Amino acid sequence: MGGEDAQHVQALARLDTPLPPIVVHRASMRVVDGMHRLRAARLRGDERIAARFFDGSDEDAFVYAVRVNILHGLPLTQAERAAAAERIIRTHPQWSDRLIASAAGLAASTVASLRKKVSDRAAQLNARTGRDGRVRPLNAAEGRRRACALIAAKPQASLREIADAAGIALGTARDVRLRIRQGQDPVPKKLRDAENRDVNRPVGRTTTTPAAAPPAAPPPPVTDAGPALPRLRKDPSLRLTEGGRALLHLLSSHPGGERTRRLLESVPAHRRTAVAQAARACAESWLRFASELERRAV
């Protein structure tokens with residue numbers, strides 16, 4: 001928020017070793033991570049600096065920038081992390097408080113307070129995506145009622161079939177069936193109370209159905225894991241170790257081009273949301289893996 005730190009730039013410029021790669025948003029050619037390194041390279045007269053590209057929307061590029069700055073480099077202040085969280089709440093309102101907190105380096109309770117602060121400007125959703133990529137309703141009452149109707153219509157259906165069709169967790173489906181057998185309301189009192197509070201909310205705050213992912217322009221096509229993969233395959237330190245071979249195999253399985261089209265077409269309609277959530281969870285795991293590697297490289 002205060003711009004570049006001159007002392008930090010000077011400290012980086014005095015290093016004798018090559019600076020870690022900066023990250024550039026491919027669509028806009030804007031530096032996402034590494035402005036201090038770029039300024040230091042210019043200060044010491046370097047004509048080139050190593051760089052990696054980030055493919056995605058402007059909103060996702062900002063989230064990436066916040067994540068990596070939490071892990072390394074000049075520490076973000078509390079005010080900067082709070083401002084970042086507010087921006088993420090606006091651009092990714094469907095993300096849970098814990099998911100935003102993990103990106104901004106804050107407590108989930110702090111994010112919850114910030115969400116109330118910007119609630120008049122951010123969409124009020126019925127569900128949110130968690131750190132594991134799963135979409136969970138803020139009030140599961142409707143999902144429980146759907147499960148109740150499905151159990152009445154198909155009493156022989158398995159719990160997993162009920163859970164998938166109603167869009168609820170397997171444990172929730174089990175609890176609904178147990179409540180029905182005991183003659184209880186399938187919706188617990190605390191959920192009914194929460195539902196009543198939502199109904200009595202002040203006018204002007206609307207609810208919308210959440211998207212599975214933040215709105216973003218389609219990313220450019222990718223092939224494998226980028227231009228670095230062929231060089232990695234030739235590196236004996238990776239090829240000749242069990243862990244290295246496993247890593248190369250995982251990187252090589254990255255979808256791209258025609259393979260992406262075939263994979264998309266192979267997913268049945270009733271499983272698209274679930275597969276999207278699983279893919280997002282894998283992407284989050286790879287992002288954490290990449291961030292840890294970058295932290296160790298500094």
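A nonpolar core is a set of buried Ala, Val, Leu, Ile, Met, Phe, Trp, Tyr and Cys residues joined through side-chain atoms within 4.5 Å. The exercises below apply this and related ideas to a predicted model.

**Exercise 1. The chain as a whole**

Task: State how many helices and strands the chain has, and what percentage of its residues count as buried.

Solution. The chain holds 15 helices and seven strands. Its length is 298 residues, of which 33% count as buried. A further step concerns contacts between residues at least 6 apart in sequence: 63% of these join residues at least 24 apart.

**Exercise 2. The nonpolar cores**

Task: Identify the residues with the most contacts inside the largest nonpolar core, and name the helices that each supply at least two of its residues.

Solution. The largest nonpolar core comprises 18 residues, and Ile88 and Ile100 have the most contacts inside it. At least two residues of this core come from each of α3 (58-71), α4, α5 (97-104) and α6. The next step is to examine Ile88. Leaving aside residues up to four places away in sequence, Ile88 touches Phe62, Val63, Pro93, Trp95, Ile100 and Ala103. A second core, separate from the one just described, has 10 residues, including Leu159, Ala163, Ala173 and Val176.

**Exercise 3. The pair α4 and α6**

Task: Classify the orientation of α4 and α6 as parallel, antiparallel, perpendicular or oblique, and list the residues that form their contact.

Solution. Two packed helices are described by the angle between their axes and the distance between the axes. For helix α4 (residues 78-91) and helix α6 (residues 108-117), the axes come within 10 Å and cross at roughly 60°. Angles under 35 degrees count as roughly parallel, and 65 to 115 as roughly perpendicular. The two helices are therefore oblique to each other. The crossing of α4 past α6 is right-handed. On the α4 side, the contact involves Ala82, Ala85, Glu86 and Ile89, and on the α6 side Val111, Leu114, Arg115 and Lys117. Sorted by class, this contact has five nonpolar, no polar and three charged residues.

**Exercise 4. The pair α8 and α9**

Task: Apply the reasoning of the previous exercise to α8 and α9, and state which residues of the two helices meet.

Solution. Helix α8 (residues 159-166) packs with helix α9 (residues 170-181) at an angle of about 110°, and their axes are 8 Å apart. Because 65 to 115 degrees is the range for roughly perpendicular, α8 is roughly perpendicular to α9. Leu159, Arg160, Ile162 and Ala163 of α8 meet Leu170, Ala173, Arg174 and Arg177 of α9. By class, the contact of α8 with α9 contains five nonpolar, no polar and three charged residues.

**Exercise 5. Two arginines**

Task: Decide whether Arg37 and Arg239 are buried, partly exposed or exposed.

Solution. The cut-offs come first: buried means under 20% relative accessible area, and exposed means over 50%.

- Arg37 lies in helix α2. Its relative accessibility is 11%, so Arg37 counts as buried. Apart from residues up to four places away in sequence, Arg37 touches Leu12, Leu19, Pro20, Pro21, Ile22, Ile49 and His72.
- Arg239 lies in helix α12 (residues 236-239). With a relative accessible area of 37%, Arg239 is partly exposed. Under the sequence limit of four places, Arg239 touches Arg233, Lys234, Arg245 and Leu248.

A last step returns to helix α2 (residues 35-43), where His36, Arg37, Leu38, Ala40 and Ala41 are buried. The buried residues of α2 pack against α1 (6-13), β1 (22-25) and β2 (30-33). Just after α2, Gly45 has a positive phi of about 85°.

Methods:
Residues are numbered from 1 along each chain as its sequence is written. This is a predicted model: local features need pLDDT of at least 70, side-chain atom pairs count only at pLDDT 80 or more; totals for chains, interfaces and linings use all residues. Side-chain values use heavy atoms; hydrogens and water are left out. Axes are lines fitted to C-alpha atoms, for helices over the stretch in contact, and angles run from 0 to 180 degrees between N-to-C directions. Helices (H or I, at least four residues) and strands (E, at least two) are DSSP runs, numbered from the N terminus. Angles under 35 degrees count as roughly parallel, over 145 as roughly antiparallel, 65 to 115 as roughly perpendicular and the rest as oblique. A crossing is left-handed if the near helix is turned anticlockwise from the far one by less than a right angle, and right-handed if clockwise. Contact means heavy atoms within 4.5 Å. Ala, Val, Leu, Ile, Met, Phe, Trp, Tyr, Cys and Pro count as nonpolar, Asp, Glu, Lys and Arg as charged, and the others, Gly among them, as polar. Buried means under 20% relative accessible area, exposed over 50%, partly exposed in between (1.4 Å probe, protein chains only).
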